[in-house]
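This note is addressed to a colleague who has not yet worked with the structure shown below. Please read the numbered points with the model open alongside.

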Amino acid sequence: MPSRSIRATGRPRGIWSAERFKESQRIGRTMQFWLTQTLNSLALGGLLLLLSSGFALIFGLMRIANLTHGALFMMGAYVAANVARAGWGFTAAVVAAALATAVIGGLIERLVLRRLTGNSQAQVLATLGLSFIAADLCLVLWGGDPIPVAPPAFLAGPASVFGFSFPSYRLAVIVIAVVAAVLLFLLLERTRLGARIRAGVDDMPMARAVGIRASALFTSVFCLGAALAGLGGAVGGPMLSAYPGLDADMLPLALIVVILGGVGSLVGTFIASFIIGFIYTFGTALVPDLAYVILFLPMIVVLAFRPAGLLGSARA
């Protein structure tokens, strides 16, 4: 009589169960990898949206490639880290970072860029020089070691997503970015300030002709864009930490997002942020040696067929 542990195929039940267990583990690890990287991509896309939307507003209205934007993101992270470490709480840290960078942005526009009106090359060089100064200033004030930023206590643990564990805070970043995008859309589409900004983006000479004060509008937009960069740095602190070189890491991604999405298009910036988030995250995880090739290649392909970007206008 054959043993009861042998099936008709002659395979012992113990071996069959072990193989099935290993296969299920392999499938589980694969699903965990793809789900984790997808959620990481969405979280990075949310940070890029906060950073790039402000950059897109400034570039779309003032036609200034504000190269201090990465430095403002980094300064927002440092301010949030120090306010949180002082015991004021994470919410106060985020608000302080946004307000501090808004004030700095307003000073940059009033004291530097306004004196260089009409000279785009000088404006680019000035913002580039200010970004170097800001980077060295942060290095002097806070040293060269990364400063971690603790997330809120209720978001410190993992969350279960489709049966897999994932950091709760990264899910919150996705929600924060979407809420910020909706609020920014409502600001631009449903308020008087938004109507003035849209008029200035479409045709600044005509906007001036109907009584819109360009100087006040430029300052307001620059402060808003700087505040969004600081908000992105503060929100991204628990994910990235505050460290020297954070500005240089984030600014190229913001430039790619704005160019890919199209100048003057908030919807294009929203779409491009998550596209770049997915490409960069999966490219770094799957082919790290070619991460930047994979990152820039889609932008080149899109611009070859749509020079204005995905949703940008030809005038912009």
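The points below go from the overall build to the cores and then to the aromatic pairs.

1. The model under review is predicted. The protein has 11 helices and two strands. Read from the N terminus, the order of its elements is α-α-α-α-β-β-α-α-α-α-α-α-α.

2. As regards overall extent, the C-alpha trace covers about 100 × 50 × 35 Å along its principal axes. Of the 316 residues in the protein, 44% count as buried. Where contacts join residues at least 6 apart in sequence, 74% of these contacts are between residues at least 24 apart.

3. The surface exposed by the protein amounts to about 16,100 Å², and 68% of this area is supplied by carbon and sulfur atoms. The protein carries 22 positive and 11 negative charges, and the mean positions of the two sets lie 10 Å apart.

4. The largest nonpolar core has 49 residues. The members that touch the most others in this core are Leu48, Tyr169, Val235, Met250 and Ile276. Helix α2 (residues 69-85) gives the most to this core, namely 10 residues. Another core, of 21 residues, lies apart from it and has Ile64, Leu184, Ala207 and Val221 among its members.

5. Tyr169 merits separate attention. Leaving aside residues up to four places away in sequence, Tyr169 touches Phe90, Pro151, Pro152, Leu155, Ala234, Val235, Pro238 and Met239.

6. The structure holds seven aromatic pairs. In one of them, Phe33 and Trp34, the ring centres are 5.5 Å apart and the planes stand at 80°, so this pair is edge-to-face. Phe33 counts as partly exposed because its relative accessibility is 28%. Trp34, with a relative accessible area of 42%, is also partly exposed.

7. Phe90 and Tyr169 likewise form an edge-to-face pair, with 5.9 Å from centre to centre and 90° between the planes. This pair links distant parts of the chain: Phe90 belongs to helix α3 (residues 90-111) and Tyr169 to helix α5 (residues 168-190), with their positions 79 residues apart in sequence. Are these two residues, Phe90 and Tyr169, buried or exposed? Both Phe90 and Tyr169 are buried.

8. A last point concerns a cluster of rings. Phe33, Trp34, Phe278 and Phe282 are linked into a cluster by ring pairs.

Key
Residues are numbered from 1 along each chain as its sequence is written. This is a predicted model: local features need pLDDT of at least 70, side-chain atom pairs count only at pLDDT 80 or more; totals for chains, interfaces and linings use all residues. Side-chain values use heavy atoms; hydrogens and water are left out. A nonpolar core is a set of buried Ala, Val, Leu, Ile, Met, Phe, Trp, Tyr and Cys residues joined through side-chain atoms within 4.5 Å. Buried means under 20% relative accessible area, exposed over 50%, partly exposed in between (1.4 Å probe, protein chains only). Helices (H or I, at least four residues) and strands (E, at least two) are DSSP runs, numbered from the N terminus. Contact means heavy atoms within 4.5 Å. Rings of Phe, Tyr and Trp (its six-membered ring) pair if their centres lie within 6.5 Å; planes under 30 degrees apart count as stacked, over 60 as edge-to-face and the rest as tilted. Accessible areas come from the Shrake-Rupley method with a 1.4 Å probe; for residues, only the protein chains shown count as cover. Lys and Arg count as positive and Asp and Glu as negative; His and the chain ends are not counted. The place of a charge is taken as NZ of Lys, CZ of Arg, CG of Asp or CD of Glu.
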